[in-house]
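Got a structure open and wondering what all the labels are based on? Let's go through it together, one question at a time.

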Amino acid sequence: LRSCSPGRARRTNASRRACLVARFGDIYAQERLDAETLLRTYISDTEMVQRIIYIAAVESFHAAKMAYRQFKIRVRETLSLGHSGPESLEDTVLDYIVRHEDLYDVQASVNEVIRSMNINPKISFPPEIDFIVISTLIRELCRLAFSMQTLAPPLDVAFGADGELFSETKYHRSFQSDFTAALVAYHVWPALMENDVVIVKGEAVTKR
């Protein structure tokens with residue numbers, strides 16, 4: 001194992017959190033729009049394009065969280081063999097993960113996301129095309145979500161369901177929304193959460 005700096009993860013938590021929250025905003029502003037432009041060359045239905053991107057975001061967080069848990073178990077098992085302190089084993093494990101996030105097999109998560117999207121009944125794609133065309137967006141989201149798990153507390157995206165009551169604290173309304181409608185027709189981008197508190201609003205379309 002490579003050496004690690006004890007306590008580094010906790011000392012850098014605030015600065016890492018700020019960078020990761022900013023990166024979430026950057027992906028929304030750049031990679032999301034790039035993916036939308038790309039998808040529009042294959043799909044004319046705006047709602048379907050936006051649903052695909054939203055589901056890609058949610059599935060990316062899910063896959064990265066699962067990968068993080070498995071990665072952490074492996075690191076803990078290895079480091080516990082020679083751990084003697086003075087810092088706790090958990091701190092040592094976290095420090096190691098933060099320093100060696102490059103060991104995360106992001107491609108495995110990307111593949112998992114695409115598999116999940118292929119069987120999602122809410123989205124469809126022309127049969128000659130594969131969701132791999134937006135793998136750049138998926139990869140960046142997986143990397144971000146994995147890094148967000150190293151924070152204390154970790155960050156996650158909100159669960160959203162079609163037909164839920166629109167929340168002003170959780171979402172912005174998309175411009176194509178019916179601004180008098182109370183229910184979410186579908187989601188464009190998830191909200192970012194910390195301990196069930198919204199720290200970055202998502203985007204949703206409301207319709208009657």
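Below are some questions and answers about a predicted model.

Q: Why is Asn 195 called exposed?
A: A residue counts as exposed when its relative accessible area is over 50%. Asn 195 comes in at 58% relative accessibility, so it gets the label. You'll find Asn 195 in the loop between E4 and E5.

Q: What makes Asp 196 count as exposed?
A: Same kind of check: the cut-off is over 50%, and Asp 196 has 74% relative accessibility, so it counts as exposed. Asp 196 also sits in the loop between E4 and E5.

Q: What is noteworthy about the phi of Asn 195 and that of Asp 196?
A: Most residues other than glycine have a negative phi. Now look at Asn 195: its phi is near 50°, a positive value in a residue that isn't glycine. For Asp 196, phi is near 65°, again positive in a residue other than glycine.

Q: How do you know that E4 and E5 are paired strands?
A: Two strands pair if there are at least two bridges between them. Strand E4 (residues 192-194) and strand E5 (residues 197-200) are joined by three bridges, and they run antiparallel. If you want a spot to look at, Glu 194 stands opposite Val 197 in E5. The hairpin of E4 and E5 has two residues between the strands.

Q: Why are E1 and E5 called edge strands?
A: Start with the order: this open sheet of three strands goes E1-E4-E5, with antiparallel pairing. Strand E1 (155-157) and E5 each have a single partner strand, so one side of each has no neighbour in the sheet. On average, neighbouring strands here are turned by 45° against each other, ignoring direction.

Q: Which helix packs on this sheet, touching E1, E4 and E5?
A: That's H2, and its direction makes about 70° with that of E5. Helix H4 lies across E1 and E4, running at about 140° to E1.

Q: What makes the pairing in the sheet E2-E6-E3 different to describe: which word is used for it?
A: The word is mixed, and the sheet is an open one of three strands. Strand E2 (171-173) and E3 stand at the edges with a single partner strand each, so one side of each lacks a neighbour in the sheet. Neighbouring strands of this sheet are turned by 35° against each other on average, direction ignored.

Q: How do you know that E2 and E6 pair?
A: At least two bridges are needed, and three join E2 to E6, which run parallel. Tyr 171 stands opposite Gly 202 in E6.

Q: How do you know that the buried residues of helix H3 are on the same side?
A: Those residues of H3 (residues 31-40) are Glu 31, Arg 32, Ala 35, Glu 36 and Leu 39. They cover an arc of only 140° around the axis, so they end up on the same side of H3. An α-helix has 3.6 residues a turn, so residues three or four places apart point the same way.

Q: What do the buried residues of H3 pack against?
A: Their partners are helix H2 (13-29), helix H4 (46-80), helix H7 (135-148), strand E3 (184-189) and strand E6 (202-206).

Q: Why is the peptide bond from Ala 152 to Pro 153 called cis?
A: Its omega is near 0°. Most peptide bonds are trans. Pro 153 is in the loop between H7 and E1.

Terms used:
Residues numbered from 1 in each chain as written. Predicted model: local features only at pLDDT ≥ 70, side-chain atom pairs only at ≥ 80, totals over all residues. Heavy atoms only, no water. Buried < 20%, exposed > 50% of the residue type's maximum accessible area, 1.4 Å probe, protein only. Helix = DSSP H or I, 4+ residues; strand = E, 2+ residues; numbered from the N terminus. Arc of directions from axis to C-beta. Contact = heavy atoms within 4.5 Å. Axes fitted to C-alpha atoms, helices over the stretch in contact; angles between N-to-C directions.
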